[in-house]
Structure formats: C-alpha cells, structure tokens
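Biologist: Before we start, please show me the model. I would like to ask about it piece by piece.

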Amino acid sequence: MKILLASSEVYPFSKTGGLADMVGALGRALVNAGHEAVVVTPLYRGIREKYPAMRRVDWHFDLPLGLHNATAELWELDRVGEAKIYFIDHPGYFNRAGIYLENHISYADNAERYIFFSKCVVNLARYLPWRAEVVHVHDWQVALVPALILQQKKEGWGNPPATCLTIHNLAYQGVFPAEAFALTNLPGDFFAPDGVGAEYFGLLNCLKGGIVFADSITTVSPRYAREITTEELGCGLDGVLRENASKLSGILNGVDYSDWNTTKNSHLFAPYSVTKMAGKNINKLELQRQVALPVDEKIPLFGTISRLAEQKGVDIQLGALEEMLNSNIQFVQLGSGSPEYERGYRDLAARFPGKVAVQFGYDENLSHRIEAGCDFFLMPSRFEPCGLNQMYSLRYGTIPIVRATGGLDDSVIDYGQSATNANGVKFFEYTSRALAKAIRKALAIYAQPELLRQFRRNAMKADFSWAKTVGEYLAVYRHATKLFATEHVQTSAVPAQVIGARSEPVAISSVKKPAIKATVKRMAK
Ligand code: ADP
Ligand code: GLC
C-alpha cells in the first residue's frame with residue numbers, strides 16, 4: 001500500500017514524547033513489510049544542519065490561511081530501509097526554540113502553525129506524483145486533514161486518499177477560540193455543533209473535527225480505545241467517540257527494537273541479554289556512579305523517565321516514595337515539564353540525600369541507561385493511552401510497576417494474572433498507598449533471586465515488535481480505503497479490534513476526569 005504519515009514530531013528528527021517514537025517506527029515498519037510509506041513533518045530548528053543530505057524540492061506552497069496566504073518550501077530526505085521523509089519549511093512557524101512551547105508557555109499561534117501544516121499535508125497528498133492511498137494523521141495537530149480532504153473532494157479532487165486518524169492522547173485536543181476556524185477556509189458546515197463538525201462548546205476543537213471526518217480512527221491500545229468512550233476518560237469527547245465507535249479501533253504500539261535493545265546499543269555501559277545477564281549489573285553500578293548515588297549492587301534501584309504532566313501520576317509517586325524511601329532503596333528520575341512537579345522531586349532529593357537522584361531536561365543517552373541500570377521502573381499513570389517506557393523496561397529486564405490503565409494494562413502481566421508469565425507489578429487504585437503497596441511487592445520479588453530471574457526472563461522475552469503490529473494498521477488502512485470507495489461499512493473487513501462491537505465500557509471510578517487542555521503538549525526540548 002501507499003501511505004502518507006503526517007505528524008508534528010517524528011523520531012529521530014524531533015521528539016517530545018512517544019508520538020515521535022511511534023510515527024518514526026511505524027514508517028520503518030511499513031517499509032520493512034514491503035509497503036511504500038512517506039512521512040511529512042515540520043522542519044524545526046536544527047534539523048537541516050543535522051541532516052546535510054537533505055535536498056530542497058522544487059515545490060512552493062502558497063496556501064490561503066484565513067484572509068491571508070502563507071508560503072513554505074519543501075525539503076526531502078531519502079533514507080535506506082526507511083520511509084522517505086518530507087519537511088515543511090516555514091521558518092516563521094517552525095524555526096523556533098521549542099516545538100509547541102517555550103518556558104512552559106504554548107506558542108500563541110499554534111492554531112495557525114498547525115492548520116497551515118495540515119494544509120501543506122493535503123497539498124502534498126494531492127499533487128505529489130506519488131499518490132497515497134491513505135493519509136494517516138496523528139493527534140490534533142493534523143486532525144483537520146480529513147476535513148480538508150473531504151472539502152477538496154467536494155470541489156472536484158477526483159480520487160482522494162482515504163484518511164486514518166490516530167489519537168495518541170485524548171487529553172490534548174487542539175482547542176482554540178472560534179475565530180481560529182476561519183484559518184481553515186472551510187465552509188461553515190464543518191463547524192457545525194452536535195457532533196457533526198469541529199465545533200465544541202463554541203470553540204474550535206481540531207481533534208473532534210478529526211474524529212468526525214476521518215474514515216478510520218485508531219488509538220494506541222485496545223483498553224484505551226474502550227476507556228475513551230467512557231465519561232471518566234473521554235475528556236468530554238466520549239459522546240462523539242461513541243457515535244463514531246464503528247470506525248474506532250485500538251492497536252497497541254510496537255517497539256522499535258533496533259533502537260531499544262540491550263545487545264547493540266551505544267548508550268549502554270555493557271551489553272546483556274536474557275542468557276548473559278552480567279552486563280545488567282554493570283549498567284546498574286555505572287548508572288549509580290553517573291547519577292552520584294552510592295554504588296551498591298544490593299540496593300534495589302527504582303527509576304522513572306517521563307514528561308512531568310498530570311497524566312503521569314507524579315503526585316501519587318511523590319507520596320509513595322516519601323513513604324518507601326525510609327526503606328533501603330534508591331530512586332532515579334529523568335523528566336521535564338511542570339515546574340511544580342520539578343519542585344516536588346527537588347524537595348524529595350533534598351530530604352533523602354544519597355537515595356534520590358533527579359535530572360531535569362531531555363537526555364536520550366541517560367534514558368537508555370536508566371532503563372538498563374534500574375531494577376524496577378515506575379509508571380503510576382492516571383491514564384496512559386499506550387506508554388512506551390514500560391515496554392522498553394520489559395526488553396531491558398527492568399520490571400515495570402504500572403497502574404492498570406490503558407496500554408499499561410494491555411502490555412504488562414501481573415503475578416495475579418499468571419504466576420508463570422508475570423513480568424511486572426500492577427496496581428489499580430490511583431493512590432499513593434496503592435503504589436507504595438506495589439513497591440513493597442516489588443521488594444518482595446527482589447528478595448527472592450529465583451523469582452526475580454523469572455520475572456526478568458519473562459520480561460525480556462515479551463515481544464512487541466512492529467512486524468506484528470503493522471498488520472493491524474494495514475487492516476485498518478484497507479478497511480478505510482474500501483469504506484471510502486463504497487461509502488458504507490463492510491462488516492467482514494472490520495479489523496478484529498474495532499470496538500463498536502464491544503459492550504462493556506471500562507469504568508475506572510477512582511480516576512478524576514482529566515481537564516481538557518486547551519492548547520498544546522508539553523515541554524520545549
Ligand atoms: P508520552 O508520549 O506520554 O510522553 P511514552 O511512554 O509513550 O509517553 O513515551 C515517552 C518517550 O519519551 C519515551 O521514548 C521516553 O524515553 C521519552 N522521554 C520522556 N521524557 C524524557 C526525557 N526527559 N529525556 C529523554 N527521553 C524522554
Ligand atoms: C502519547 C501517550 C502515550 C503513547 C504515545 C505514543 O503521548 O501519552 O501513552 O505511548 O502517545 O503513542
């Protein structure tokens with residue numbers, strides 16, 4: 001198949017979180033499976049300098065944006081064994097210090113920046129000699145692409161591609177004042193209320209527009225696909241999602257084991273594998289040395305790598321650690337985000353000197369070292385669409401301790417679920433007490449070397465490779481193209497995990513309804 005992937009971040013060119021990892025890896029996986037995948041993303045600051053092989057394409061975007069026009073240039077980069085990638089070059093919008101924000105403040109023109117980017121994606125899909133059968137867009141930043149394509153179809157685009165929207169995180173919807181809708185230059189009926197347009201309580205909601213107009217919608221785990229149709233985790237869009245449930249499915253993200261592995265990884269102090277585990281201990285001792293914790297292989301070492309956002313359960317983690325750090329354990333954290341949470345970790349480090357190491361900012365090298373050097377990895381998320389770090393932890397033989405939500409629940413096996421296959425520790429209630437109890441269970445596992453070895457073996461054997469996952473996306477793409485051609489559902493072609501057929505929504509009563517974030521994601525790099 002021919003698939004155009006559009007995303008506001010793509011690893012290794014830009015990244016604030018798992019979205020970048022996922023799109024980068026999906027492109028590669030589609031190519032490995034013999035398909036033609038092309039990626040399009042903004043040309044942010046510093047990318048061109050890092051990739052001198054990049055070429056300018058003889059192409060000039062000059063597109064209406066409300067009452068004005070905006071222009072951009074196009075760059076391309078061919079990569080062996082990888083998806084070809086196009087970069088949209090608009091220095092005013094994208095040559096900035098951050099991707100979505102600076103000094104914790106979102107750029108005021110994010111609607112303009114990403115509506116323009118979305119229009120470039122549509123223009124590319126329409127006029128590239130290489131014709132995509134499916135345009136697969138990721139998150140709110142490009143969620144208006146399906147509506148823009150539909151409008152061009154109405155205006156005479158003969159054979160447009162089908163569209164697929166992946167929701168990586170429903171809490172970020174791209175909500176802007178109603179006036180921003182004018183930037184789309186779409187007719188007013190695309191802004192209709194009552195679930196049929198991009199309007200949401202008088203505001204523009206880009207993600208809602210995507211949900212309504214995309215031919216297929218996926219999210220990044222089966223459980224999260226069910227959760228987002230409930231009031232608890234629907235972030236205000238559960239009703240719209242229920243109405244569109246027949247085109248919604250959940251596909252657990254894969255892991256790109258060529259980047260995330262313990263045998264050929266230049267970030268690590270020593271290689272190791274399920275049959276040669278000695279290297280894991282070297283990584284632990286060197287990590288302790290690097291982050292200035294007492295170097296002692298006997299002390300259980302816990303770690304976290306995360307955006308410091310409400311979603312990630314920082315509040316209950318701080319509470320649980322406060323209690324558990326009175327035992328003989330160490331904790332290392334790498335993260336960046338909310339100043340309030342950063343303060344929380346700094347205070348913790350000050351109260352438990354020699355037991356807590358905190359690092360702020362983005363550090364890819366250290367992230368691999370934490371994954372490899374720790375005994376346990378903490379992910380107590382309030383909600384988690386998929387989560388990648390718990391899957392990286394499993395491959396690194398680092399036992400994940402996770403809250404049973406979204407993709408965390410789908411990817412980790414607790415002792416209570418299977419004594420023989422257990423590879424992690426799960427807890428349910430969103431409280432510090434429940435997390436502290438899970439940490440005590442981890443310590444009990446740690447105290448039994450044979451059990452710990454069994455958990456590690458199970459963890460390292462878990463397989464989330466993209467080769468498996470990519471087939472599920474292809475089923476969705478095929479279904480979307482059929483749907484688009486016939487404009488009615490053909491039940492036989494519905495992939496296995498389409499959730500319209502499932503009855504019981506998952507209720508997580510302890511989860512506070514997350515606030516809808518009006519603007520964009522996370523930290524500047
Ligand atoms: P999310 O996308 O919600 O942030 P995921 O678990 O899907 O969560 O993915 C997070 C990705 O970002 C992982 O690759 C993780 O290693 C990386 N990451 C998060 N924070 C940092 C950081 N401070 N430094 C380096 N990598 C980070
Ligand atoms: C989002 C989610 C995370 C998911 C990632 C990649 O950022 O928060 O759970 O793993 O996207 O799909």
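The questions below deal with a helix pair, the nonpolar cores and one strand residue.

Biologist: How are α10 and α15 oriented to each other?

Modeller: This is a predicted model. The axes of helix α10 (residues 314-324) and helix α15 (residues 432-446) come within 8 Å and cross at roughly 55 degrees. Angles of 65 to 115 degrees count as roughly perpendicular and those under 35 degrees as roughly parallel. The two helices are therefore oblique.

Biologist: How many nonpolar residues are in the contact of α10 with α15?

Modeller: On the α10 side, the residues include Ile-316, Ala-320 and Met-324, and on the α15 side they include Leu-435, Ile-439 and Leu-443. By class, the contact also has three polar and three charged residues. The nonpolar residues number seven.

Biologist: Which helix gives the largest share of the largest nonpolar core?

Modeller: The largest nonpolar core has 107 residues, and Ile-88 and Tyr-477 have the most contacts inside it. Of these residues, 10 come from one helix, the largest share, and that helix is α4 (residues 110-127).

Biologist: Which residue named in the second, separate core also lies in the contact between α10 and α15?

Modeller: The second core has 55 residues, including Ile-316, Met-391, Ile-399 and Ala-462. Among the α10 residues that meet α15 is Ile-316.

Biologist: Is Arg-403 buried or exposed?

Modeller: Arg-403 sits in strand β19 (residues 399-403). Its relative accessible area is 1%. Buried means under 20%, so Arg-403 is buried.

Note on methods: Residues are numbered from 1 along each chain as its sequence is written. Chains are lettered from A and ligands numbered from 1 in the order in which they are written. This is a predicted model: local features need pLDDT of at least 70, side-chain atom pairs count only at pLDDT 80 or more; totals for chains, interfaces and linings use all residues. Side-chain values use heavy atoms; hydrogens and water are left out. Axes are lines fitted to C-alpha atoms, for helices over the stretch in contact, and angles run from 0 to 180 degrees between N-to-C directions. Helices (H or I, at least four residues) and strands (E, at least two) are DSSP runs, numbered from the N terminus. Angles under 35 degrees count as roughly parallel, over 145 as roughly antiparallel, 65 to 115 as roughly perpendicular and the rest as oblique. Contact means heavy atoms within 4.5 Å. Ala, Val, Leu, Ile, Met, Phe, Trp, Tyr, Cys and Pro count as nonpolar, Asp, Glu, Lys and Arg as charged, and the others, Gly among them, as polar. A nonpolar core is a set of buried Ala, Val, Leu, Ile, Met, Phe, Trp, Tyr and Cys residues joined through side-chain atoms within 4.5 Å. Buried means under 20% relative accessible area, exposed over 50%, partly exposed in between (1.4 Å probe, protein chains only).
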